[in-house]
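Visitor: I'm new to this and would like to learn how to read a structure. Could you walk me through it?

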Amino acid sequence: MNFDLDVAIIGGGPGGSTCGGLLRKYAPELTVGIFEREAFPRDHVGESVLPPVSSILQELGCWDEVEAADFPIKIGATYRWGNSDKLWDFEFMPVEQYREEQRPRGWTQQARQLAFQVDRARYDHILLDHARRLGCAVEQPGRVRRVETDGDRIEALVLEDGRRIRARWYVDASGAAAIARKALGVGVDCPTRLQNVAFWDYWENAEWASRYPGGATRVLVLSIGSGWIWFIPLGPTRTSIGFVCPKSLYRESAKSPEEIYLWALQQEPFITELTASASREGKVEATRDWSFVSDRTAGPNWFLVGEAAGFADPILAAGLTLTQGSAREAAYSILALAKGEHEADWLQQNYDDNQRTRIRQHIRFADFWYSANGKFTDLETYTSEIARDAGLSLDPKRAFQWLGTGGFTHDTLGQAGIGALDLAGTRQVASRFLGTQARWELSRVNQLTLKLDGAKVVEIPAYKDGTIRRIKTYRRGDRRLPLTGLFATVITALQRGPDLVGHILPEFQRQAAGGEAGGKMQSHLVLHHLLQALELMLNDGWVKGRRDPKRPGIDLNTPIEGQIIHTNVELNERLAAQEPV
Ligand SMILES: Cc1cc2nc3c(=O)[nH]c(=O)nc-3n(C[C@H](O)[C@H](O)[C@H](O)COP(=O)(O)OP(=O)(O)OC[C@H]3O[C@@H](n4cnc5c(N)ncnc54)[C@H](O)[C@@H]3O)c2cc1C
């Protein structure tokens with residue numbers, strides 16, 4: 001059969017350009033076409049990024065180009081969320097340790113820990129130009145009018161001018177349009193009760209709520225009860241301000257998008273203050289932002305990436321992390337298929353498992369945030385339902401604990417965490433929402449044994465340096481325990497003996513001091529992460545724990561005020577000073 005291209009990608013947003021760029025970087029012999037319907041630059045919502053994207057930019061080879069655009073550095077977020085009106089911060093690194101670095105920054109240790117707030121018109125343009133320079137043939141404007149299918153295979157893309165493009169593999173990166181997914185008849189599941197809508201506009205000269213040297217700041221996420229407001233500085237003068245609320249509230253308000261947007265902003269005096277000298281572009285945009293996950297994300301000759309594959313509510317700002325992460329794994333899978341490495345079914349199945357698990361976990365985490373904000377009156381009952389969905393039978397109280405302390409972790413292979421939060425971070429969020437210190441399960445037990453009954457050993461892919469390695473993993477239901485990274489070290493320690501203080505901790509300390517686990521991480525951090533991995537295994541049922549009253553134990557608590565999550569004293573004082581007497 002004659003093909004026009006090796007890979008045809010629909011959509012030149014971050015999903016399409018990341019996938020195309022990585023394909024050409026690692027296999028310059030492949031012919032890759034990207035078809036983008038719009039001329040760039042074009043505006044797009046979704047501007048606040050998480051740190052995992054930075055290393056993908058570096059791998060793509062466009063870190064310097066993105067850094068040269070001088071986007072504000074994001075060091076974290078300031079929230080009004082949970083059971084208190086006080087503002088609190090979540091930092092990607094302890095703010096006392098943040099040091100000003102001359103811009104443009106190189107790929108420094110600090111840069112790896114932080115993120116950007118990006119003007120998507122410029123960001124998407126930089127990424128697509130980079131893919132073009134790497135050798136992708138970009139057709140722009142190049143709208144795909146129709147996707148021809150034969151059963152579960154894609155046969156061709158039909159362009160606006162009638163040309164038929166045939167490729168060995170197809171990638172649907174067309175975002176919410178999901179043109180190939182729809183043509184293939186792949187359905188979607190909405191495993192959540194959240195049905196939100198979003199309204200936003202751009203402002204000139206709004207004051208930044210926090211400002212650090214080197215152009216660093218935080219985004220603001222402010223709950224106003226009926227919904228929440230985002231405030232994202234995009235550049236020295238431009239700010240994105242949006243409002244998210246349930247669809248039902250919008251319908252019942254009988255307001256226009258412009259009216260409900262302005263009404264929401266008026267409810268928040270802090271926004272009024274920050275925009276006192278600012279002017280609005282005056283083009284309020286609106287979209288629905290309902291979380292969903294596709295029933296399948298890969299087939300015989302196709303992959304869905306980014307928002308075509310699924311979407312998690314923007315409260316977590318995880319969209320680009322999920323998008324560029326999925327684009328990377330799709331590129332690696334196609335590279336392996338092109339080289340004839342690994343079985344096609346195994347590559348597709350694992351790609352699908354990874355994306356759908358990750359999207360579902362983010363949706364659950366978003367549900368947890370909304371639950372904690374009182375959006376569901378039957379909050380605890382609801383968390384029980386979410387746990388049941390994950391195959392666990394927990395009473396409502398235990399379910400809320402589980403959800404807040406590990407029910408959505410396992411995002412990154414070999415580590416315990418989700419997005420930019422490690423397990424301790426998610427636990428600290430839970431402590432803040434619950435208003436009490438979260439006690440670790442490890443504090444209740446001191447004898448620990450691996451519990452692997454019913455688990456199968458399977459192989460999963462590890463994606464690195466353009467190739468896929470096979471990693472052994474225990475699998476039980478939809479939970480998995482990779483025999484790599486921190487988890488492998490924990491398993492070795494458990495094999496030394498069951499006593500937490502006598503066997504396991506000394507082994508952790510030995511590993512941390514010897515640098516055998518955790519790569520280049522400092523030893524106290526390695527120890528901390530090993531404890532988190534063990535806690536997660538205990539939470540997830542991979543480890544059975546009991547208390548021997550004759551043996552010592554350990555006492556681990558997550559304080560409400562921590563190093564990376566804490567009350568923002570300065571802004572609270574500023575707001576308090578302005579309240580009428
Ligand atoms: C209200 C809201 C707030 C958000 N906030 C954040 C945030 O703070 N942080 C974050 O990381 N994410 C956020 N997101 C999510 C983020 O916007 C998406 O995850 C991201 O844009 C997905 O990238 P993508 O490449 O999959 O799709 P897109 O960026 O939408 O790109 C798809 C491209 O495909 C093109 N296309 C569509 N149809 C065709 C066709 N037929 N032929 C050719 N081209 C086509 C489009 O023109 C577009 O350029 C938010 C989303 C919403 C709705």
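Guide: Let's go through the ligand, the cysteines and a couple of single residues. Keep in mind that this is a predicted model.

Visitor: Let's start with the ligand. Which residues come nearest to the ligand?

Guide: Start by looking at what surrounds it. There are 36 residues around the ligand, and E36, R42, H44, S48 and L320 come nearest. Sorted by kind, the shell divides into 14 nonpolar, 13 polar and nine charged residues.

Visitor: Which helix gives the most to that shell?

Guide: That's α10, with three residues. Helices α1 (14-26) and α10 (319-339) each supply at least two residues of the shell.

Visitor: Why does the ligand lie between domain 1 and domain 2?

Guide: Check which domains the shell residues belong to. Here domain 1 (5-46 + 118-186 + 295-355) and domain 2 (73-116 + 195-289 + 560-581) both give residues to the shell, so the ligand lies between them.

Visitor: And how do I read the polar contacts?

Guide: Look for N or O atoms within 3.5 Å of each other. On the side-chain front, a polar atom of H44 lies 2.7 Å from an oxygen atom of the ligand. The backbone joins in too: a backbone N or O atom of R37 lies 3.1 Å from a nitrogen atom of the ligand, and a polar backbone atom of E307 is 2.9 Å from a ligand oxygen. As for cover, the ligand taken alone exposes 1000 Å², and the protein buries 95% of that.

Visitor: How many disulfides does a search of the whole structure find?

Guide: First the idea: a disulfide is a covalent bond between the sulfur atoms of two cysteines. In this structure, the search finds zero.

Visitor: What about C62, is it buried or exposed?

Guide: Under 20% relative accessible area means buried. C62 has 0%, so it is buried. C245 is buried as well, because its value is 1%.

Visitor: Where is D201 found?

Guide: D201 sits in strand β12 (residues 196-204). Its relative accessibility is 0%, so D201 counts as buried. A polar atom of the D201 side chain lies 3.0 Å from the backbone nitrogen of G282.

Visitor: And where does Q437 lie?

Guide: Look in the loop between α14 (423-434) and β24 (438-439). Q437 is partly exposed, because its relative accessible area is 46%, and partly exposed runs between the 20% and 50% cut-offs. Try comparing sequence with space, too: Q437 and E561 are 124 residues apart in sequence, and their C-alpha atoms are 9.3 Å apart.

Terms used:
Residues numbered from 1 in each chain as written. Predicted model: local features only at pLDDT ≥ 70, side-chain atom pairs only at ≥ 80, totals over all residues. Heavy atoms only, no water. Near = heavy atom within 4 Å. Polar contact = N/O pair within 3.5 Å; in protein donor to acceptor, adjacent residues only side chain to side chain. Areas by Shrake-Rupley, 256 points an atom, 1.4 Å probe, with all protein chains shown as cover. Helix = DSSP H or I, 4+ residues; strand = E, 2+ residues; numbered from the N terminus. Nonpolar A, V, L, I, M, F, W, Y, C, P; charged D, E, K, R; others polar. Domains from an automatic or database assignment. Disulfide = S-S within 2.5 Å. Buried < 20%, exposed > 50% of the residue type's maximum accessible area, 1.4 Å probe, protein only.
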